[in-house]
Amino acid sequence: MSHVVEFPGLGLSFTVNEVAFSVGSYDIRWYGVIIAFGFLLAMIYAFRSVKKMNIDLDKLIDAVIAGTLGGIICARLYYVLFYPGDKYWNDPIQILYIHDGGIGIYGGLIGATLFGGLVAKWRKLRVPAVLDLASLGYLIGQGVGRWGNYVNQECFGEETSLPWGMISDNTRRMFPDSPVHPCFLYESLLCLLGFVLLHFFTRKLRRYDGQTFILYLIWYGVARFFIEGTRTDSLMVGPLRVSQVVAAVCVLAGVVLLVMFRHRNELSGCGSKYVMESVGLTKTEAEPEGPRSTIFGDLPPFEDDSEEPPVEDAASQEDEDKEDSEKES
């Protein structure tokens, strides 16, 4: 299915197709491809950061697998739990039809954090440090993944007169005569900006393990609270938007935790250089200078221990022996 998407205030128009390619009779949709690409970028970032964060890669992979599975399951259950009507109550088998759409990002974040954190603890990783790294991965995945909503032309907002207002066949069904807020764009840009800011904070200013994760809760919570307020497809509980309530709780919890831990200085990896020095963390030792053996690993270079005298010393010794022989005779 294709959509013609216009941004009349900017003079832009695009045609997007929900299907990326087909394998036989099965369609591979751009939504899934984009989500997978965001996940891949997040994993690449995490795996390249483990040394600076002082996290064991093999153990982290176990936590990532558990977090991924838990995130998918909980994202679906979150959507099903708050879905209006009795669709899933009347036909529970449809809960398994995740390929037909219907997931909640906050459910995914809760599931990934819970299941990934439990496995990280089981594997004896420092859970707050793992959550710091995970939160940066979340921001990458969310920033990229929201473009799947653009391709599907979903998760848009109410009417707007702003220059970047968006129009498509889907938006016209609700607002025939007006552009709408491109909520996917707001969330994507704020998540990517949050990633950049928290990346540098983690490497240079972080004072304790878990601080980046707390700031993520606040950053994404504030962003999602206001964006959710403009959306037209929010999951509701009575008059309340579920994601707004969850976002507000996350922001409140984050602020409380920041106040509670304001005097903490405890790192197991990169962060403020002053805190790193105070807890005994140093930079990785420089590689030894000079060539290294590719056969014997770290063995020191071969040294000639021969005690054979130099040529001139041997000649001198021969003259001395000759003189001694003449004296004896």
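**Exercise 1.** How close do the axes of helix H1 (residues 30-53) and H5 come, and at roughly what angle do they cross? Work out from this how the two helices are oriented, and which residues make the contact.

*Solution.* The model is a predicted one, and in it the axes of H1 and H5 come within 8 Å and cross at roughly 150 degrees. Angles over 145 degrees count as roughly antiparallel, and H1 is therefore roughly antiparallel to H5. The crossing in which H1 passes H5 is right-handed. On the H1 side the contact is made by Ile34, Ile35, Phe37, Gly38, Leu41, Ala42, Tyr45, Ala46, Ser49, Val50 and Met53, while H5 contributes Ala129, Asp132, Leu133, Leu136, Gly137, Ile140, Gly141, Val144 and Gly145. Sorted by class, this contact has 14 nonpolar, five polar and one charged residues.

**Exercise 2.** Describe how helix H4 (residues 105-122) packs against H5, giving the orientation, the handedness and the residues that meet.

*Solution.* Begin with the geometry: the axes of H4 and H5 come within 10 Å and cross at roughly 150 degrees. The two helices are therefore roughly antiparallel to each other, and their crossing is right-handed. Next, take the residues: from H4, Ile105, Leu109, Ala112, Thr113, Gly117, Ala120 and Lys121 meet Val127, Val130, Leu131, Tyr138 and Gln142 of H5. By class, the contact has eight nonpolar, three polar and one charged residues.

**Exercise 3.** At what angle do H4 and H9 pack, and which residues make their contact?

*Solution.* H4 and H9 pack at an angle of about 170 degrees, with their axes 13 Å apart, which makes H4 roughly antiparallel to H9. In H4 the contact is made by Ile105, Tyr106, Leu109 and Thr113, and in H9 by Phe213, Tyr216, Tyr220, Gly221 and Arg224. The classes in this contact are six nonpolar, two polar and one charged residues.

**Exercise 4.** What kind of aromatic pair do Tyr138 and Tyr216 form, and which parts does the pair tie together?

*Solution.* The structure holds 14 aromatic pairs. One of them joins Tyr138 and Tyr216, whose ring centres are 5.8 Å apart with 55 degrees between the planes, so that the pair is classed as tilted, given that planes under 30 degrees apart count as stacked and those over 60 as edge-to-face. Tyr138 lies in helix H5 and Tyr216 in helix H9 (residues 211-228), so the pair ties together parts that are 78 residues apart in sequence.

**Exercise 5.** Where in the chain is the confidence of the prediction high, and where is it low?

*Solution.* The chain as a whole has a mean pLDDT of 88, and 86% of its residues reach 70 or more. Among the elements, helix H5 (residues 127-145) has the highest mean pLDDT, 98, and helix H12 (residues 311-328) the lowest, 54. Over residues 284-308 pLDDT stays under 50, and for this stretch the model has two contacts beyond four places in sequence. Where pLDDT is low, the predicted coordinates should not be read in detail.

Terms used. Residues are numbered from 1 along each chain as its sequence is written. This is a predicted model: local features need pLDDT of at least 70, side-chain atom pairs count only at pLDDT 80 or more; totals for chains, interfaces and linings use all residues. Side-chain values use heavy atoms; hydrogens and water are left out. pLDDT is the predictor's confidence in each residue, from 0 to 100. Helices (H or I, at least four residues) and strands (E, at least two) are DSSP runs, numbered from the N terminus. Contact means heavy atoms within 4.5 Å. Axes are lines fitted to C-alpha atoms, for helices over the stretch in contact, and angles run from 0 to 180 degrees between N-to-C directions. Angles under 35 degrees count as roughly parallel, over 145 as roughly antiparallel, 65 to 115 as roughly perpendicular and the rest as oblique. A crossing is left-handed if the near helix is turned anticlockwise from the far one by less than a right angle, and right-handed if clockwise. Ala, Val, Leu, Ile, Met, Phe, Trp, Tyr, Cys and Pro count as nonpolar, Asp, Glu, Lys and Arg as charged, and the others, Gly among them, as polar. Rings of Phe, Tyr and Trp (its six-membered ring) pair if their centres lie within 6.5 Å; planes under 30 degrees apart count as stacked, over 60 as edge-to-face and the rest as tilted.
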